[in-house]
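Here are some notes to read alongside the coordinates, written as numbered points. Feel free to keep the viewer open as you go.

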Amino acid sequence: MAVGDILPATDYIDTLAYGIANAQESGSMVKVSATVLAETTTEPGGTFGTVTLRTVSIDSLGNLGAVIDTLSLTTDDYGTCALCHVSGDIYAIFYPHNVATTGIYVKTLSISSAGVIGAIIATTKVSDLGTMRARPIRISGGVFAYVLDGSGLSGLFVYTVSISSDGATITTPDSDGDGIAQNFGACITHIAGDYYCVAKSYPAVTDLVGKTYSITSTGVITLVQTADLDTIGATGYKITAMRVGTGVMAFTYENRLRTVAVSDAGVIGATIAT
């Protein structure tokens, strides 16, 4: 077997089933230490469910041990959640709440290197809008950026969140919106330096739109450019963008792959290939 070969499905190393009857929604995973993984899941699946945090032991060969610790955050309805490392033993869970208290929330807590989950340190509502599927990305230290994804939004769709190293203080330094009511499939990715790219679709007009921003280490957002990348068929969901080379971004959507010239300073140029 050569490096990079993909093994057949029967050749996996190990598996661990949680014994949950229904499907889980988009788990998020972080390596806590050399022998411990932590993951969040939304159960029992679909759009809403209970957010559960688990720690699991794993060795260097990929063998899985038992679940070490668990924490169910509530029995109320949530959408897809994301787990992020803040500093030391401090972690944050980003999640949308889609019922009476609709919005994006952040909870902080501790997880020891042995996988022991501590109590919730702080909970803060960071947005009044309530659908998030894109993973938050780290800007610097305890500063993260995330985008909203879903129908019926008012257009305010990119936020920064600052979390203190002890997890006790959660603030929202900045946000940006464009006033268009629907944002589907949104994602955010780093270009270079302080520059980031957000891609999303507008189903009403089937546009795939790219927006570039400068985001400082303290979370201040400045729009650089907005550009229509495709005006046919971008009706959808699960857009992915990544930097594939100096000055080149790739976008996947609706069974399409498109490369676009995007400079390290966030200037969007022409399509290179589709």
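**Notes on the predicted model**

1. Let's begin with β15, a strand that is mostly covered: nine of its nine residues are buried. Please keep in mind throughout that this is a predicted model. Asp207, Val209, Lys211, Tyr213 and Ile215 point one way from β15, while Leu208, Gly210, Thr212 and Ser214 point the other way, and all of them are buried. In a regular strand the side chains alternate between the two faces of the sheet. With both sets covered here, charged residues such as Asp207 and Lys211 count as buried along with the others.

2. Which residue in β15 would I click on? My pick is Thr212, in the strand that spans residues 207-215. Thr212 has a relative accessible area of 0%, so it falls under the 20% limit for buried residues. The side chain of Thr212 reaches the backbone oxygen of Gly266 at 2.6 Å. Leaving aside neighbours within four places in sequence, the contacts of Thr212 include Ile191, Tyr196, Cys197 and the run Thr222, Leu223, Val224 and Gln225. Val262, Gly266 and Ile268 are also among the contacts of Thr212.

3. Gly266 deserves a second look, as it turns up again in a turn. β19 and β20 form a hairpin with five residues between them, and Gly266 in that turn has a positive phi of about 85°. The backbone oxygen of this glycine is the one that the Thr212 side chain reaches. Three bridges join β19 to strand β20 (residues 268-273), and the two run antiparallel. Within this pairing, Thr259 stands opposite Ala273 in β20.

4. On its other hairpin, β19 (residues 256-262) is joined by six bridges to β18 (residues 248-253), again running antiparallel. The bridge partner of Met249 in β19 is Val260. Two residues lie between β18 and β19, and Glu254 in the turn has a positive phi of about 45°. If you are checking backbone torsions, Glu254 and Gly266 are two places to visit.

5. Back to β15 and its own hairpin partner. β15 and β16 (residues 221-230) pair in the antiparallel sense over eight bridges. Ile215 stands opposite Ile221 in β16. Five residues separate the two strands of this hairpin, and Gly219 in the turn has a positive phi of about 95°.

6. Where does Ile215 sit in the packing? It belongs to the largest nonpolar core, which has 31 residues. Ile215 is listed with Phe94, Val106, Tyr146, Val161, Ile163 and Ile188 as the residues with the most contacts inside that core. Leaving aside neighbours within four places in sequence, Ile215 is in contact with Ile139, Ala145, Thr160, Ile188, Asp194, Tyr196, Val220 and Ile221.

7. Next, a sheet for your viewer. Four strands form an open sheet in the order β5-β6-β7-β8, with antiparallel pairing. The edge strands are β5 (82-87) and β8 (117-127), each pairing on one side only. The twist averages 25° from one strand to the next. Inside the sheet, β6 (residues 90-97) and β7 (residues 103-111) pair over eight bridges, and Gly103 in β7 is the bridge partner of His97.

8. Another threonine is worth a click: Thr55, in strand β3 (residues 50-58). Is Thr55 buried or exposed? At 0% relative accessibility, Thr55 counts as buried. Its contacts beyond four places in sequence include Val36, Leu37 and Ala38, then Ala66, Val67, Ile68 and Asp69. Ile111, Gly115 and Ile117 are also among the contacts of Thr55.

9. One loop position to note is Ile239, found between β16 and β17 (240-245). Ile239 counts as buried, at 5% relative accessibility. Ile239 and Tyr253 are 14 residues apart in sequence and 5.0 Å apart in space, C-alpha to C-alpha.

10. Finally, the whole chain. The secondary structure comes to zero helices and 20 strands. Of the 274 residues, 46% count as buried. The accessible surface is about 12200 Å², of which 54% belongs to carbon and sulfur atoms. Among contacts with a separation of 6 or more, 44% come from residues 24 or more positions apart.

How values were computed:
Residues numbered from 1 in each chain as written. Predicted model: local features only at pLDDT ≥ 70, side-chain atom pairs only at ≥ 80, totals over all residues. Heavy atoms only, no water. Pairing = 2+ DSSP bridges. Axes fitted to C-alpha atoms, helices over the stretch in contact; angles between N-to-C directions. Buried < 20%, exposed > 50% of the residue type's maximum accessible area, 1.4 Å probe, protein only. Contact = heavy atoms within 4.5 Å. Areas by Shrake-Rupley, 256 points an atom, 1.4 Å probe, with all protein chains shown as cover. Polar contact = N/O pair within 3.5 Å; in protein donor to acceptor, adjacent residues only side chain to side chain. Core = buried A, V, L, I, M, F, W, Y, C linked by side-chain atoms within 4.5 Å.
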